[in-house]
Structures are given as structure tokens and as C-alpha cells.
Amino acid sequence: MSLPLNTFTQLENFGHSLKSTSYRVQIQRTEDIYDTFRLAKKLGLTVTARGTGISYNDVSLNSGGIVLDMSGMNRILEWDTASGVVRCEAGVTLRQLWHHVEPEGWWPPVVSGTMRTTLGGCLSANIHGKNNFQAGPIGEHVVEFTVMLPTGALIKCSPKKNADLFYAMIGGFGMLGVITSIKLKMKRIYSGLITVDAWHVPNLSRQLSGLLEHAPDHDYIVGWLDTTASGKSLGRGQLHAANNLNEGEDPNAGETLKLSHQHLPARLFGVMPKRLLHYFMNPFLNNLGVKTINTAKYISSLRDHSFRQSHAEYHFLLDYVPDWERSFGRGGLIQYQSFLPKETAESAWREILQLSHKRGLPSYLGVTKRHRPDKFLLSHAVDGFSLAMDFKVTDRNRAKMSGMLQEFDRIVLSAGGRFYFAKNSETSAETTEAFLGMATIAKFKKLKKRCDPNGLLESDLYRRIFK
Ligand SMILES: Cc1cc2nc3c(=O)[nH]c(=O)nc-3n(C[C@H](O)[C@H](O)[C@H](O)COP(=O)(O)OP(=O)(O)OC[C@H]3O[C@@H](n4cnc5c(N)ncnc54)[C@H](O)[C@@H]3O)c2cc1C
């Protein structure tokens, strides 16, 4: 195997705000991974696995090194409709997975806000969904996975077998090995529909108390937060809490479970192709435009109501408008997501929102969720909440934005919060040390030495947070 110069490609993050050039190697079989490790060692290059490559930051970028494109390893290998256990190659996307299992009455136990992610990417980030407070992260539903270590060893990990690696590689961002296949347990569903309750919340305090009080009665809960509102309305927004239907509740379950009932429409009002929408959104993506849109959205949310919608519509809201991130313009978009204990969240986010207004760099989209802790080594979870904030990046605001996000980090740290490596692009080695603690980092590094003695697996994220 060689690395022809034409594989030297520019890769980006999801928001097109970060760019890096690497040797991109297409992986079709497990043996290709081993061949690439050997070549990397010979050439003195580092290696990073990449699924779809749609993380918000630098987790699947590797400047000057090799990037393993895992999207070609995308076969569903086994599917047991009786137990709901599926075995897939790591490049299978959530879209492929739910298309395969949903018509037979199953749904992935945890999904991200987009269905474009791969299972390898989801495990390596240990993604959380709108059900994190009860279902935990995706890692809690993994029966077993197979991983290739840079030594060439192909090993299986489960909560019982190689348990230390199981809890470190899930959420380990590909820094210990490359996952080749995954066995995952699906969740039973009895309808293709989900019942959603939507109600408005006038401020941050009610936003957080709403998440706290209503999570126990629902399977899923998520909040939209108007990041541009200030004063008494700071943190206002709308909560959406949803429940799966019980057996027998949907008289047309046979119909609603069909894929034809789940598809997100490709056209707006049946006329305009949605893939063109981002061009129309672009002129409104400035501070004034977003404030106007948010105010209109909040006013339209004042009518509290309940409705039913398909699983795909509820879970993959962010896939409604293809390429919506392009509407942020040339500089792109980044996301900042902080996780805070329920006792300190309100005051920390009040400070963060006020700071973003003061700096003239408001977030354009805010999403809140309810979380609980888990036992994965590099966990980002807390008994509390998360707030994800999207920011527009421009050539002019880039340095100022970076400074502001570092100020956010200090606020989050002093409030006992945690950070999610799949999202934030500023978290430094010092911040990482402060929130994970020296003992956890030492444990991770010991495992790294064992799995990857020559230090082949490195990404831009790895160099940022560990060196
Ligand atoms: C619109 C949008 C909505 C999102 N919503 C959510 C959400 O609700 N909850 C949430 O938790 N996250 C969410 N995310 C984040 C997303 O789920 C993660 O960033 C996920 O890792 C992306 O999957 P990917 O296949 O693109 O992975 P990549 O970005 O390609 O890779 C992510 C990480 O996984 C590693 N990796 C990839 N494949 C392998 C492999 N086979 N073996 C070992 N390591 C591997 C990479 O090295 C990298 O560290 C969202 C992202 C977007 C763009």
C-alpha cells in the first residue's frame, strides 16, 4: 500500500470553520486499517479515523497526517428481529440503521440530532440524545464492539470482556484504536409516531425547572432557548417533551411504521426544493436578522399544544434543511456545548448569555437537554443540563470569538461543569486537566501506551487536549 500524492486532501469540520490537509485513505476492509498503520509507522505519520466527518470541531481532522475514511465499511452484518440486536460495520450511518430496523418495530436506543453520523463516530464520541436523562449515552446500549489496535491486534470489548477498554474507547474519540464492528441493542417501538407536548417558557429559570420536572414523565425532552433575548426574558424558549406510543395505542401501526411514513419531505410546501433553502436563509444570519427570527419564533410558540409526528421528524429536526450550516456564510459555524450540574446551571448560563450579548457575539441557536452521569472514562455527562450554542464565525470575529469561548470555559469550570469533545473547539489541555482530573488522564494515557505504544493514533483534537 502506498500514499499517492492525490490522496492529500483538504478536510473540514461540519460547520466549515476549520480546514486541514491530510492523506485520506479509503478503508473497505479491516486489513486496510492494519496496512495503513504499518505504512504510517514507516513514514512517521499519525493516523485518525473519520466516519462521516460531521463533528462540529477538529476531532476527525489530522493536519499533515493520515485520515482513515471509514464510510466505505458500511455493511449491516447481522440483524435479529426477535432480540433487537444488530451487528454493523463501523461506517454504517444512523440513517442506514433506522431504515433497516424501524419497519420491524425497533428504533436506535440513542440518536444524534442528525442521522448522517456513523456508528463508529457515535461510539467514539459516546453521543447523547434527548433521552440522556433516562437512557444514558449510546455506549450503555453497546453489547460488544471489535477494534483494531495500532499493534495490529483485533480485539473484542464488552462490559465484561476488556471492560477497561470498553469504558475508555467509547467516548475515547478514536485515540486508542479503530472500531471495525459494533453490536448494538435497539429499542422496541409500537408505532411510527411519537406524541409531543410543546409549551413555552418565559425565562431561564422556567426553562431549567421545566426540563427537571417534566423529564421523569417523558421518554425524551429538549428545549429551544432564544439566545438573543435579554433582561427578564433571558433564557426564554420552548420545551418539547415526547413519549413513544404504547402497544395498541396506534390503530394504524402497520402503516405508520413503514418507511414511506417516515421520510422528511424534500420540498417546502411541496414546491421549493429544501436543498436551496440555505441560500435564502443566508441574508438573515446576522445579529439583527436572528433576533427578529427568534422573537417571531418565541411569539409563535406561545400557543402550548400537543401533536403526533413521525420518529424521523422528531429526532432529526436538524436534517430538515439540507446543508443548513452553509447559510452561516464563508467563515462557517462552531458550537459550544457546556454541561452543568443542576445546582449551578442557571447562574453560569446567565453569565455566559450576558457575556455573549456584551461582546456583540450572540449565539444564533440554543438547545437545552437534561442529563445524568455515566461511567465512561472521558464522560461529559453530569446530573444536570447541557446548553449547546451555535456561533457564526467570520474572518473579523474569529479571534474575539476564541477569547470569549475561553472565558466561557472558565465560567463552566468554576461552576463544576464538563465539556464534550465532539463539540467545543477551544477546550485547552489545562481546561481538560481541570475537569477530567489528573487521575483520569493518567489512566487514559496508561491505556494509550498499552494499545498504541508508538503513538500512531493522533488527531488535531488529541494534540489540543493532551499535549
Ligand atoms: C447537526 C448535528 C447534530 C448533532 N447532534 C448531536 C446530538 O444530539 N448528540 C450528540 O451527542 N452529538 C451530536 N452531534 C455530534 C455528532 O454526533 C458527533 O460529532 C459524531 O461523532 C459525528 O459522527 P461522524 O461519523 O461524523 O464522526 P467523525 O466526525 O468522523 O468522528 C468523530 C470521532 O470519532 C472517531 N471515529 C470515527 N470513526 C471511528 C472508528 N471507526 N473507530 C474509532 N474512532 C472513530 C474520530 O476519530 C473522531 O474522534 C451532532 C452533530 C451534528 C453535525
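The following exercises, with worked solutions, concern the sheets and the ligand site of this structure.

The model is predicted: local features need pLDDT of at least 70, side-chain atom pairs count only at pLDDT 80 or more, and totals for chains, interfaces and linings use all residues. Residues are numbered from 1 along each chain as its sequence is written, and side-chain values use heavy atoms, with hydrogens and water left out.

**Exercise 1.** Determine the strand order of the open sheet of four strands, and state which helix lies across β2, β3 and β4.

*Solution.* Step 1: Helices (H or I, at least four residues) and strands (E, at least two) are DSSP runs, numbered from the N terminus. Two strands pair if DSSP finds at least two bridges between them.

Step 2: The order is β1-β2-β4-β3, and the pairing is mixed. At the edges stand β1 (8-12) and β3, each of which pairs on one side only. On average, neighbouring strands of this sheet are turned by 45 degrees against each other, direction ignored. Such angles use axes fitted as lines to C-alpha atoms, for helices over the stretch in contact, and run from 0 to 180 degrees between N-to-C directions.

Step 3: Four bridges link β3 and β4 (residues 66-69) in the parallel sense. Within β4, D69 is the residue opposite R50.

Step 4: The helix is α1 (residues 30-43), which lies across β2 (19-26), β3 and β4 and runs at about 180 degrees to β4.

**Exercise 2.** Describe the open sheet of five strands and the helix α2 that packs on the sheet.

*Solution.* Step 1: Its strands follow the order β5-β6-β10-β8-β9, with antiparallel pairing. The edge strands, each pairing on one side only, are β5 (76-80) and β9 (154-157). From one strand to the next, the twist averages 10 degrees.

Step 2: Helix α2 (residues 94-101) touches β5, β6 (85-89) and β10 (178-185), and its direction makes about 35 degrees with that of β5. Contact here means heavy atoms within 4.5 Å.

Step 3: At the other end of the order, β8 (residues 142-148) is joined to β9 by four antiparallel bridges. V147 has I155 of β9 as its bridge partner.

**Exercise 3.** Identify the two strands that pair with β12.

*Solution.* Step 1: One is β17 (residues 305-310), which six bridges join to β12 (residues 193-201) in antiparallel fashion. A198 stands opposite H305 of β17.

Step 2: The other is β14 (residues 237-244), antiparallel to β12 over eight bridges. Here W199 faces L239 of β14 as its opposite residue.

**Exercise 4.** State how many residues surround the ligand, and which elements supply them.

*Solution.* Step 1: The ligand is surrounded by 35 residues, the closest being A49, G51, S55, T118 and Y420; a residue counts if one of its heavy atoms lies within 4 Å.

Step 2: The shell divides into 15 nonpolar, 17 polar and three charged residues.

Step 3: Backbone N or O atoms also approach the ligand. For G51, such an atom lies 2.6 Å from a ligand oxygen atom, and for T52 the corresponding value is 3.0 Å. I179 has a backbone N or O atom 2.8 Å from a nitrogen atom of the ligand.

Step 4: Of the 970 Å² of accessible area that the ligand has on its own, the protein covers 98%; accessible areas come from the Shrake-Rupley method with a 1.4 Å probe.

Step 5: Two or more residues each come from β3 (47-50), α3 (119-125) and β10. The largest share, four residues, belongs to α3.

Conventions: Polar contact = N/O pair within 3.5 Å; in protein donor to acceptor, adjacent residues only side chain to side chain. Nonpolar A, V, L, I, M, F, W, Y, C, P; charged D, E, K, R; others polar.
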